[in-house]
Amino acid sequence: MQGWCGKVLWVDLTASRVEERPLDPRSARNYIGGRGLGIKHLLDEVDPEVDPRSEGNDLVMATGPLTGTSAPTGARYMVMTKSPLTGAVTCSNSGGKFPTALKKAGWDMIIIRGKAPEPVYLWVNGARAELRSAGHLWGKDVPETDEAVRAETDLSARTTVIGPAGESGVLFASIMNDKHRAAGRSGVGAVMGFKRLKAVAVKGEGKVELADPERFKSLVARFLDGFKKSFEGGPVPLRKWGTAITAVGTQNFGVFPTRNFQSGMFEGWEKIDGRALTDQYLVKPKACFSCPIACGRGTKVPDGPYAGEGEGPEYETVYSLGSDCGVDDLAAVTKANYICNELGMDTITMGATIACAMEMSEKGLIPPGDVGLGRELRFGDAQAIVELTRLTGRREGFGRLLAQGSLRLAQHYGRPEFAMVAKGQEFAGYDPRGEQGMGLAYATSPIGASHMRGDPAYIELLGVPKQLDPLTHHDKPQIVKDWQDAFSVIDSAGLCVFFSVRNYVRPDETIKPEGITELLNAATGLDYSLEEVCTAGERIFNAERLFLSRAGFSRKDDALPARIVSEPMPDGPAKGMVCRLEEMLDEYYRLRGWDANGVPTENKLRDLGLV
Amino acid sequence: MRIEIRLQLSFKDKAPHGENLFHLEAAPGTTVAEVLKALAIPDSTPKVIIVNGRAAQPSRELMDGDRLTLFPPVAGG
């Protein structure tokens, strides 16, 4: 095979055995890679009703056919499993350099089954793979683990690891690769921890074979040229300011989540946005493999109580640990981000869970003694976000409750409505009352609330590729469906959304992945039509939905909290709005070919080859 | 009529007196596109246009007291 390596590494932790198996070419064509091959495996091999933290749940790490190639942003891999946070699937995506190393070592995917009797790590040295004892690594944080594993394997190896949060089962533990990059969401790290797999180290020095290298090269040149021209000789905004610059858009549209979504306007926004970060703490922009953007932030807080060094924060973190907690102290937000990275936790759920606790505490629903800070927990307490993040990653004190995420925390105190979640996963940094399409995207995302399974913010807030009014709802179901299907292709090919939505798709609201189709054909030698690739995207999204349906999910779970659908936005440009979710859902299900309960119909599944 | 204009990020360079928030006197019926031309912001430059907090198109006719905000489309999670 070309583009793909044609090899899957099966790891049975219970039996302490590794095995090479061929990648099925038909599955590769129909599901592309990454997210597609991940859900194909889960559908075929994992009981949808299985306890996520049991030996019956598999953990899949999957690259795409464009991962490790010179295609701009061809650096991504997907971590797929059944989520302990939501009970739905995960699609945790990360870049950096580990995914490329895995591909260059000759592997499309790693499938991890069972549970090791004692802690282990997986060492993949090119074509050879072995399990090694990790008893001496258990308890180490992410940077310590990365360094120790490379020291005893190969210093040029790339790693993906869990920290103490994954070991102890924090329900939103992440898997961290290259020290600072996160397959962040839905608790993939807790599954890896349950399996007692501390790390995967890979050394890959091969080359991804391409079917038509000359054609591929000319396509890459064309996409890079288009990218450069789009900035008219000026700076690349995401390189200059990082993703935290997104706060300019969300604040201006009044959708910057503030104090657990009690408002969409944060008075301290200019103290925590991308300009503030660049001016105060940026050391240098960091790029994933083959990326011309370099949105990553190498940062340093030089002194003061929050001194530290690492990467971040991203926009989602300045929302979750910043505005959502009413905190305008960028040093504290950055420090809490570093702790999440070091202990291995998702910054979004961490911040949003603290925000939920802050609101419930202010309303007298959590006794101050439970929190244990020696003071009442209130919005704006910068020190508290740092202390509570550390306690959560170590599962100490009140951190044991926070480690369950906001829904279980709010349920514990009898008021689940204070958790800003869909399917039990915390919202990203966009208030759906002022961004109707995002509300539908949160509700119907297969992983619970996420902005990355079809991101309407581009078209609702930024006019990419055209501007739609974020406050209208009737025109959003088609857009959300089209974007979800396109993102399924991006995630499966091994590409990054940031470059893809501006450079690899048709520049109209359908964002059909034309450029990705061209790259796939040059890489694999197949003759994909644009239509076939679009259908593959729809197939992947429906396969995830099918897994959810079999796990018991339906329309009742495509829901948003009462605050979002019945409490009008109190201020700002979206004042008076609620999210008109139910009206959008009917039309969305019709467009999807699902029944009124949100279950894919037999006809739709047959059309997509899913039955 | 008088409109309030707020320029953000790289568009700040287009502010006539270096102030990113300023007022402009314009004839009734002036469109956003005409304001963009006056500020020497090319049609081809990607931009987000907000009038009184709502997304707007370049063809939008402005009224006395309108608040126009312009910034380049930068985002990512």
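This passage walks through the two chains of a predicted model, starting with chain A, then the contact between the chains, then chain B.

Chain A is the place to begin. Its 611 residues are organised into 27 helices and 17 strands. For a chain of this length the globule rule gives 25 Å, and the radius of gyration comes out close to that, at 22 Å, so chain A is as compact as a globular protein of 611 residues. Laid along the principal axes, the C-alpha atoms take up a box of roughly 60 × 55 × 50 Å. Burial is counted for 64% of the residues in chain A. As for how the chain folds back on itself, take the contacts with a separation of 6 or more: 70% of them are accounted for by residues 24 or more positions apart.

One part of chain A worth a closer look is an open sheet of 6 strands, ordered 8-7-12-9-10-11 and mixed in its pairing. The edges belong to strand 8 (128-133) and strand 11 (181-183); each has a single partner strand, so one side of each goes without a neighbour in the sheet. Going from one strand to the next, the twist averages 20°.

Strand 9 (residues 158-161) makes a handy reference point within this sheet. On one side, strand 9 of chain A pairs with strand 10 (residues 175-177) in the antiparallel sense, through 2 bridges, and here A:T160 sits opposite A:N177 of strand 10. Strand 9 also pairs with strand 12 of chain A, again in the antiparallel sense, this time over 4 bridges. In that pairing A:V161 faces A:A199 of strand 12. Neither face of strand 9 is left uncovered: A:R158 and A:T160 are buried on one side, and A:T159 and A:V161 are buried on the other. Helix 4 (residues 142-152) of chain A packs on the sheet, where it touches strand 7 (120-125), strand 9, strand 10 and strand 12 (197-203). The direction of helix 4 makes about 135° with that of strand 9.

Further along chain A comes a helix pair. Helix 21 (residues 476-493) and helix 24 (residues 530-550) pack with their axes 8 Å apart and at an angle of about 95°. Angles of 65 to 115 degrees count as roughly perpendicular, and helix 21 and helix 24 of chain A are therefore roughly perpendicular to each other. From helix 21, the residues involved are A:Q484, A:D485, A:A486, A:S488, A:V489 and A:S492. They meet A:V533, A:C534, A:A536, A:G537, A:E538, A:I540 and A:F541 of helix 24. Sorted by character, the residues of this helix contact split into 7 nonpolar, 4 polar and 2 charged.

Next comes the contact between the chains. Chain A puts in 32 residues and chain B 18 residues. On the chain A side, at least two residues each come from helix 8 (237-241), helix 9 (246-252), helix 12 (315-322) and helix 20 (457-461). Helix 9 gives the most, with 4 residues. The side of chain A that touches chain B consists of 18 nonpolar, 10 polar and 4 charged residues.

That leaves chain B, which has 1 helix and 5 strands. Read from the N terminus, the elements go β-β-α-β-β-β. The radius of gyration of chain B is 12 Å, close to the 11 Å that the globule rule gives for 77 residues, so chain B too is as compact as a globular protein of its length. Its C-alpha trace spans about 40 × 25 × 20 Å along the principal axes. Buried residues make up 34% of the 77 in chain B. Of the contacts in chain B between residues at least 6 apart in sequence, 57% join residues at least 24 apart.

The 5 strands of chain B form an open sheet with mixed pairing, in the order 2-1-5-3-4. Strand 2 (21-25) and strand 4 (54-55) are the edge strands, and each pairs on one side only. Strand 4 of chain B runs antiparallel to strand 3 (residues 48-51), and 2 bridges join them. Across this pairing, B:V51 stands opposite B:R54 in strand 4.

Conventions:
Residues are numbered from 1 along each chain as its sequence is written. Chains are lettered from A and ligands numbered from 1 in the order in which they are written. This is a predicted model: local features need pLDDT of at least 70, side-chain atom pairs count only at pLDDT 80 or more; totals for chains, interfaces and linings use all residues. Two strands pair if DSSP finds at least two bridges between them. The radius of gyration is taken over C-alpha atoms; the globule rule is 2.2 Å times the number of residues to the power 0.38. A residue is buried if 20 or more other C-beta atoms lie within 10 Å of its own, exposed if 12 or fewer, and partly exposed in between; C-beta atoms are placed from the backbone. Two residues are in contact if their C-beta atoms, placed from the backbone, lie within 7 Å. Ala, Val, Leu, Ile, Met, Phe, Trp, Tyr, Cys and Pro count as nonpolar, Asp, Glu, Lys and Arg as charged, and the others, Gly among them, as polar. Axes are lines fitted to C-alpha atoms, for helices over the stretch in contact, and angles run from 0 to 180 degrees between N-to-C directions. Angles under 35 degrees count as roughly parallel, over 145 as roughly antiparallel, 65 to 115 as roughly perpendicular and the rest as oblique.
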